[in-house]
Amino acid sequence: MPMLPQNLLSPESLSASGRGSERLSLPALQSKMKCDPEGYESELLLLYRHFDSSLHLFRQQSAFSVSASASGGGGGGGGDPTVTKDLGDLAMFLAHVRPFYPEKLVEFPGQLAELLRSAGRSLPSTLRCNLVQALILLVNRKIVDIEETLDLFMELQTLGDRVMRKLAFSHVVQSIRRMNQKHKNEVKNRKLQNILFSMLQEEEELRAKRALTVLCDLHRRKVWFDDRTANAICTACFHTSTRVMVSSLSFLLGYERVEEADDSDESSGEDDTTVAKSPVLLSRESIYKAHHKGTIASKKKKKAKLQRVIRSMKKQQRMSTEKNCSSSYSPLTHLKDAQGFAERLFSRLQTCNERFEVKMMMLKAIARTVGLHRLVLLNFYPYLQKYVQPHQRDITNLLAAAVQACHDMVPPDAVEPLFKQIVNQFVHDRSRTEAIAVGLNVVREICLRIPLLMNEDLLQDLVLYKKSHEKAISTAARSLITLFRELCPSMLVKKDRGRPTDPKARPKAFGEVSVSTDVPGAELLQNDDESESSDDNDDDEDEANASGLNDEQNQQVNGATGGEKSGEDTDIVEDEVAAEDSNSEDDEEEENSENESFEESSQEEDDSDAGDYDEDDDKVVDEEEKDCGSKKRKLIDFDGELNSADMSLRALKRLAGSKMEHSSLDTTDGILSNEDFQRIKELKAKRDAKLALARHGMLRKDVDPKSMDFKIPSSEQLSVKRVDPAMLEVNIKKKLNKEERLALVRAGREERGKYQARAAVKQKKTGGLSNKQKEHKKAMPLAAKRSKVARSRQEKKKQQRRSGKQFRGKKAWK
């Protein structure tokens, strides 16, 4: 730092220039320095020198307090409070004016970092926060690189100060997010990742936990959404510290967000304070007003507002789709050695002595990895058997993990003992309703993945539960029937088969793979082209009909010739109808004769039966040859079509058109363009939407009823999809205890006031009279008074007549 003469920095020189030192305030001086940096260099140097002296004094006081406390004489731990406050204020001031004096304050950032590194733990909390905020300000203004201070900020998170930990964590995450916002600098990201990866592999628990928290947060925000970060998070499962392992497992399984706080009472994170926004709705009335009501200026404003609402709706829809897509995502998909990861974690599970919750998390992570990568871990299924009991804690989570670990590449013999134990322990007559329903649902999910486990006798026994009076049990049994209608209908009883789409369907053998020979969805493109051509034909037919109507009008003008032609046409039509009637009568007689001959031939020997059938076949062939002129021919082979083409020009045109279609399909050789693939994607989405509407009863036209049936997902879809334990308990109504029932009752009475009699409510009423009371006080007209008096007189007479005729009991003297 260049030193100036002492008289230039003295208070006398400042007062001579009209700037008294007693009137100097740091915020005012800061704003003046930003406006005129060159005019305030002397004040800057004076304050910087004051900062150096305060720093030196603070270090001496800290050393003295440490030596005094070591000798047993006591002493203050933080030095003089005034010196501490001045040091913090000067650090913030110099950090704000550092961009305007880069040469004068070139050593200032290094002094801050060195002070925090050397005496970060012994500094008072207020001074430490001021110094950290000053350093963050320098990093945000790109005076100091994040790569130089990342290790320091990670070290600051390990201090016992909660405010400091939160401040340092948010700064690290936000600075890395800001760095990768526009474009990603892979070289810089790799250096920062190496720092965090090395911290994650350290034996110290606090440093490894903070590094894991930062990596998980950046991966969740999709800033570092690469294989290296995902593999680093997965390898944290093998850390020697249990807390680090639990944090890694909780992030991998998606149970909860990794907490920034270390203890359970410090569970409030930075993102937990965000309030969920209400969905934006668009009404028909607002659209109508924006286009049809008001002046031109007001319409313009309404249309702009409408566009903003539409944009926000699209944003919400995009965010919801991203959220739904990310719900099935797990960093386990990026594992480089999935088999080794599963085997290492399973060996640690077998030998660890952790609590049951930690074991369940490890078990779920292993099952998720096995199902996601379709691994073969044969020892895992016998390990699950000892936990498969209806009274086991978290049994639905355990069964969901067992289902997740099943896939078509696992040998059925390895899973069969586990499958039988589930059936024997859960599905029997003495078991509870919830256990039977969960057992049937688990059997269905396992058979969906490994159908070869089920045999015919067991399936028929399980299907009988469809007659149960409990809704959960009957629903689970019917879902099992629905599954095997598609997998193997022959294993079901005839009345349970329904009308299957493929009655000869069989489950694939172990190791059998279906290889696709064409592009999936290409038939949708072909059907779409056919529908378009049919629409064109319909348009041509409409034009032909219109021209036919014009011809009829012309024929009406030409009366004589038209009458003759129409007479000839009617004669031809009558002859054809008579011929058809005679043919139908001949067919009926032939059918009767055939039935009689079949009944007679059934009583004779086999040789004579064969002869009779041959004669009948010859007769049928002769009759078909006679009737071929009156019926349309179904053209099958190409040679036969060519032979019959000379009989009809229309048949020849149809034949040429069909052959042109087949030739066009053959010439493409199955090569589709990008537009074709995009069209296939659109047609698939349209078909799925139509099926969804049809399943809910909202669309019944133009939908094939067979396409609405249950479709079995592929093995890839099943491996990616996470098994939800709540789906295994669907339709199970849990019994509430007394406290829960009372809570429901009280919740219904919150808006209702305390019960009181009606008279008490009237007495306590404040304000005006009721309508009934006002009616009593109204002045009635004279006619109304007279009618009321007469009505009351008549009622009194009726009461008197009734009272005279009342039965008072039998007289004693009669």
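Reader: Which helix holds lysine 289?
Author: Happy to start there, and keep in mind that this is a predicted model. Lysine 289 belongs to the helix that covers residues 284-292. That helix is α13.

Reader: Is lysine 289 buried, partly exposed or exposed?
Author: The relative accessible area of lysine 289 is 31%. Buried would need a value under 20% and exposed a value over 50%, so a residue in between gets the middle label. Lysine 289 is therefore partly exposed.

Reader: How far apart are the C-alpha atoms of lysine 289 and lysine 302?
Author: Along the chain, these two lysines are 13 residues apart. In space, their C-alpha atoms are separated by 7.6 Å.

Reader: Is glutamine 193 buried or exposed?
Author: Glutamine 193 sits in helix α9, residues 186-200. Leaving aside neighbours within four places in sequence, its contacts are Trp224, Asp226, Arg228 and Thr229. Its relative accessibility is 3%, and the cut-off for buried is under 20%, so glutamine 193 counts as buried.

Reader: Which residues have the most contacts inside the largest nonpolar core?
Author: Good one to look for in the structure! In soluble globular proteins, nonpolar side chains tend to be buried together. Here the largest nonpolar core has 156 residues, and the ones with the most contacts inside it are Phe108 and Phe484.

Reader: Which helix gives the most to this core?
Author: The top contribution to this core is 11 residues. They come from α16.

Reader: Which residues does phenylalanine 108 contact, leaving aside its neighbours within four places in sequence?
Author: Some of its partners lie in helix α4, residues 81-97, where the buried residues include Ala91, Leu94 and Ala95. Phenylalanine 108 is in contact with those three, and the full list is Tyr48, Phe51, Ala91, Leu94, Ala95 and Leu138.

Reader: How far apart are the end C-alpha atoms of helix α4?
Author: Helix α4 has 17 residues, and at 1.5 Å a residue it should span 24 Å. The model agrees with this, because the end C-alpha atoms are 25 Å apart.

Reader: Which residues form a nonpolar patch on the surface with leucine 378?
Author: Leucine 378 is in the loop between α16 and α17. It is partly exposed, at a relative accessible area of 43%. The patch has about 240 Å² of accessible area together, and the partners of Leu378 in it are Val376 and Met409.

Reader: How many helices and strands does the protein have?
Author: Buried residues make up 31% of its 814 residues. Its secondary structure comes to 35 helices and zero strands.

How values were computed
Residues numbered from 1 in each chain as written. Predicted model: local features only at pLDDT ≥ 70, side-chain atom pairs only at ≥ 80, totals over all residues. Heavy atoms only, no water. Helix = DSSP H or I, 4+ residues; strand = E, 2+ residues; numbered from the N terminus. Buried < 20%, exposed > 50% of the residue type's maximum accessible area, 1.4 Å probe, protein only. Contact = heavy atoms within 4.5 Å. Patch = residues over 30% accessible without salt bridge, like charges linked within 9 Å, V, L, I, M, F, W, Y side chains within 5 Å. Areas by Shrake-Rupley, 256 points an atom, 1.4 Å probe, with all protein chains shown as cover. Salt bridge = Lys/Arg side-chain N within 4 Å of Asp/Glu carboxyl O. Core = buried A, V, L, I, M, F, W, Y, C linked by side-chain atoms within 4.5 Å. Expected span 1.5 Å × (residues − 1).
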